[in-house]
Amino acid sequence: MSIIADNLSAVRQRIDAVARKSGRTGEDINLIVVTKTRSVAEIREAIACGVTDTGENYVQEAELKFGEIGDIVRWHMIGHLQRNKVRHVVEFISMIHSVDDEALAREISRRAEAIGKCIDVLIEVKVSGEPTKFGIGADEALRIAEGISQLSGIRVSGLMGMAPFLADPRETRPYFLQLKELWDKLPDEQRLYLSMGMTQDFEIAIEEGSNMVRIGTAIFGQRA
Ligand SMILES: *Cc1c(COP(=O)(O)O)cnc(C)c1O
């Protein structure tokens, strides 16, 4: 087996093992394979191993890769998205994890509606209290989720968040707990996905209720 195949299989086993601690299985956890900076060849290799969802951070890079790979996977935008770039992604993106203001949501909806699409969006919440660049506070997240719930080109389907990078991943637990508690306050129809957990902390995130993890390094190795 190749390294990517090996790594994927190990990650899937770890996801399944930790999901079982809370009465779920690996099938209940959506794995988004984060492909930023990875080559088309590497992505194809992952797809050959059954990967169905890929996450990209940068619009231009995502566009180029979509051009080569096409819609044999679902493309997720997980990086910050500027309003003036929305028109470049609506055609091929299935889910946008990084909606952190209402005007951005309205633009996504408007553009999606114009081409007869409905795009899943997650509200990106800043829970770390750290001066991270993007994401919004808890109260504001609920307010925005409500404010954009009627737009017909998007479907508000949950929350995304990141814990701060801590030397001991176990210390991320309170941040994930906070996000899960916020997610529980969403109306039923918006409580589909809780996107939290990356290479260094996905097991903790799943223990705290995540059902969608975004993993790159554990699958492809350290970025050059
Ligand atoms: C890069 C990135 C990931 C994946 O991080 P790894 O540590 O490589 O697993 C997940 N989410 C976001 C928002 C990212 O930018």
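The second largest pocket of this predicted model has a volume of about 250 Å³. Its lining is made of 14 residues, and those that lie nearest the centre are Arg12, Gly26, Ile29, Asn30 and Leu31. Two elements, helix H1 (3–20) and strand S1 (30–34), each supply at least two residues of this lining. In chemical character the lining is mixed, with five nonpolar, four polar and five charged residues. Such spaces can be found on a computer, because rolling a probe the size of a water molecule over the atoms shows where empty space is left.

The surroundings of the ligand come next. The ligand is surrounded by Val34, Lys36, Asn57, Ile78, Met162, Met198, Thr199, Arg214, Ile215, Gly216, Thr217 and Arg223. Sorted by class, this shell has five nonpolar, four polar and three charged residues. Three of the residues named here offer polar side-chain atoms to oxygen atoms of the ligand. For Thr199, the distance from a side-chain N or O atom to a ligand oxygen is 2.5 Å. For Thr217, a polar side-chain atom lies 2.6 Å from an oxygen atom of the ligand, and for Asn57 the corresponding separation is 2.7 Å. On its own the ligand has 390 Å² of accessible area, of which the protein covers 89%.

The backbone holds a detail worth a look at Thr37. This residue sits in the loop between S1 and helix H2 (40–48). Most residues other than glycine have a negative phi. Thr37 is not a glycine, yet its phi is positive, at about 70°.

Another loop, the one between strand S6 (154–161) and helix H7 (173–183), contains Leu166. Is Leu166 buried or exposed? Leu166 counts as buried because its relative accessibility is 19%, and the cut-off for buried is under 20%. Along the chain, Leu166 and Gln200 are 34 residues apart, while their C-alpha atoms are separated by 9.2 Å.

A final residue to follow is His97, which belongs to strand S4 (residues 93–99). With a relative accessible area of 0%, His97 is buried. Which side chains make polar contacts with the side chain of His97? One of them is the side chain of His76, at 2.9 Å. Another is the side chain of Ser195, at 3.1 Å. His97 thus joins a buried position in strand S4 with polar contacts to the side chains of His76 and Ser195.

Note on methods
Residues numbered from 1 in each chain as written. Predicted model: local features only at pLDDT ≥ 70, side-chain atom pairs only at ≥ 80, totals over all residues. Heavy atoms only, no water. 1 Å grid on protein atoms, 1.4 Å probe; cavity = no way out; pocket = protein on both sides within 12 Å on 5 of 7 lines; lining within 4 Å. Points joined across faces, edges and corners; volume = space filled by probe spheres on them. Helix = DSSP H or I, 4+ residues; strand = E, 2+ residues; numbered from the N terminus. Nonpolar A, V, L, I, M, F, W, Y, C, P; charged D, E, K, R; others polar. Near = heavy atom within 4 Å. Polar contact = N/O pair within 3.5 Å; in protein donor to acceptor, adjacent residues only side chain to side chain. Areas by Shrake-Rupley, 256 points an atom, 1.4 Å probe, with all protein chains shown as cover. Buried < 20%, exposed > 50% of the residue type's maximum accessible area, 1.4 Å probe, protein only.
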